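Please work through the following exercises with the sequence and the coordinates at hand. Each task is followed by a stepwise solution.

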Amino acid sequence: MDLWNRFRAGLARTRERLGGPMAVLLRRRGAVDPETRERLDEALLAADVGPSTAERLIDAAEARMRREPELDLGAALERVAAELLGERRARFEPDDPAPGASLWVALIVGVNGVGKTTLAGKLAASLARAGRPTLLVAGDTFRAAAAEQLDVWAGRAGVEIVSARSGADPAAVVHDGVSAALARGTRVALIDTAGRLHTKHNLMAELEKVARVCARLVPGAPHHTLLVLDATLGQNGIAQAREFGRHVPVTSLAVNKLDGTARGGAVLAIVDELKLPVSVVGLGEGIDDWQPFDPEAFARGLFD
Ligand SMILES: Nc1nc2c(ncn2[C@@H]2O[C@H](COP(=O)(O)OP(=O)(O)OP(=O)(O)O)[C@@H](O)[C@H]2O)c(=O)[nH]1
Ligand SMILES: [Mg+2]
């Protein structure tokens, strides 16, 4: 399956909520009458778009149809959604290497079970394949099986890994991992961290310490802090991102598990509320089941 089709397949359940019952309405042109507005609003809420973002999208689509009368409601919604999603853009990839080939450090954070470790594996594989020597750092020393799980991914991805026994101080492992990456001259260090509830202050302080260790070893590190969200949790991601953002400078969002959820519309609400770009989407459990985020393709996958 090509990338677009995989993406489309992943969004199928969300699209069913938006497109299916709405097919006739989405073909209408001109002013949005109150009944259409109400049914559209319902469909958007069912896809977890969130009330204020839904309202904003419908208003923007209506304005768009006034300016471009050839557009029907579905096409107008697709365009305004793509604009909203594309307002800020980010890619999860190392900046051009400075002369002397510096190390690019990325920190992967998020609440429990959202798919951080899986995504670390997928991204490491892709970076390695693109010819960027990558080292995985097992910063999750909390869960006993966490380092083993990352080790399996390192094997699949064909990259090196630095880990420690469980119970070790995560900041110490990160120190060792980043130092090893520097010593070995790898281009990228990807740090997996333990899942933590955004409301637990001691755990957030631990994350701040991890980020400080990175900065001490490599100027400007972490160069990318990727906050991983779980699409099946819908708009809960908004509160998570707000809280994580108070403790670490979140560069971009990854939205995992977009396959098999009908709540993909939450991505619109999350981007609208947080003004943070999405860089990556997870579409399954396999090593290739992810994609760089493409606002236009995402909007098309929702509404067409
Ligand atoms: N369907 C689907 N499952 C996923 C995706 N990403 C991860 N998973 C699954 O979600 C579960 C949790 O993934 P992990 O990578 O262990 O999540 P984590 O955030 O590292 O979990 P903790 O370290 O415990 O906080 C696993 O069963 C993964 O296979 C995805 O994009 N789609
Ligand atoms: Mg994990």
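The exercises below concern a predicted model and treat a ligand site, a strand residue, a helix and a loop residue.

**Exercise 1. The surroundings of ligand 1**

Task: Determine where ligand 1 sits, which residues come nearest, and how the shell around ligand 1 divides by class.

Solution.
Step 1. Ligand 1 is located in the largest pocket.
Step 2. The ligand has 20 residues around it, of which K116, T117, T118, D259 and E285 come nearest.
Step 3. Sorted by class, this shell holds 10 polar, 7 charged and 3 nonpolar residues.
Step 4. The element that gives the most to the shell is helix α7 (residues 116–129), which supplies 4 residues.

**Exercise 2. Polar contacts of ligand 1**

Task: Find which atoms of G115, Q149 and E285 lie by an oxygen atom of ligand 1, and state what share of the ligand's area the protein covers.

Solution.
Step 1. For E285, an N or O atom of the side chain is 2.4 Å from a ligand oxygen.
Step 2. For Q149, a polar side-chain atom lies 2.8 Å from an oxygen atom of the ligand.
Step 3. For G115, the partner is a backbone N or O atom, 2.9 Å from an oxygen atom of the ligand.
Step 4. Ligand 1 has 650 Å² of accessible area on its own, and the protein covers 80% of this area.

**Exercise 3. Classifying L227**

Task: Place L227 in its element and decide whether L227 is buried or exposed.

Solution.
Step 1. Strand β5 (residues 224–230) contains L227.
Step 2. The relative accessibility of L227 is 0%, and therefore the residue counts as buried, the cut-off being under 20%.
Step 3. In space, the C-alpha atoms of L227 and A254 are 6.1 Å apart, although 27 residues separate the two in sequence.

**Exercise 4. Helix α13 and its cap**

Task: Establish how many residues of helix α13 are buried and which residue caps its N-terminal end.

Solution.
Step 1. Helix α13 spans residues 295–303, and 7 of its 9 residues are buried, so the helix is mostly covered.
Step 2. The buried residues are P295, A297, F298, A299, G301, L302 and F303.
Step 3. The N-terminal cap is D294, with a side-chain oxygen 3.1 Å from the backbone nitrogen of E296.

**Exercise 5. A charged residue in a loop**

Task: Locate R187, classify its accessibility and identify what its side chain reaches.

Solution.
Step 1. R187 belongs to the loop between α9 (170–184) and β4 (188–193).
Step 2. R187 is classed as buried because its relative accessible area is 13%.
Step 3. The R187 side chain reaches the backbone oxygen of S102, at 2.8 Å.

Definitions and conventions:
Residues are numbered from 1 along each chain as its sequence is written. Chains are lettered from A and ligands numbered from 1 in the order in which they are written. This is a predicted model: local features need pLDDT of at least 70, side-chain atom pairs count only at pLDDT 80 or more; totals for chains, interfaces and linings use all residues. Side-chain values use heavy atoms; hydrogens and water are left out. A residue is near a molecule or strand if one of its heavy atoms lies within 4 Å of it. A polar contact is a pair of N or O atoms within 3.5 Å; within protein, one must be able to donate a hydrogen and the other to accept it, and residues adjacent in sequence count only if both atoms are side-chain atoms. Accessible areas come from the Shrake-Rupley method with a 1.4 Å probe; for residues, only the protein chains shown count as cover. On a 1 Å grid over the protein atoms alone, a cavity is a set of points where a 1.4 Å probe fits but cannot get out, and a pocket is an open set with protein on both sides within 12 Å along at least five of seven lines; lining residues have an atom within 4 Å of a point. A molecule sits in a cavity or pocket if more than half of its atoms lie within 2 Å of its grid points. Helices (H or I, at least four residues) and strands (E, at least two) are DSSP runs, numbered from the N terminus. Ala, Val, Leu, Ile, Met, Phe, Trp, Tyr, Cys and Pro count as nonpolar, Asp, Glu, Lys and Arg as charged, and the others, Gly among them, as polar. Buried means under 20% relative accessible area, exposed over 50%, partly exposed in between (1.4 Å probe, protein chains only).
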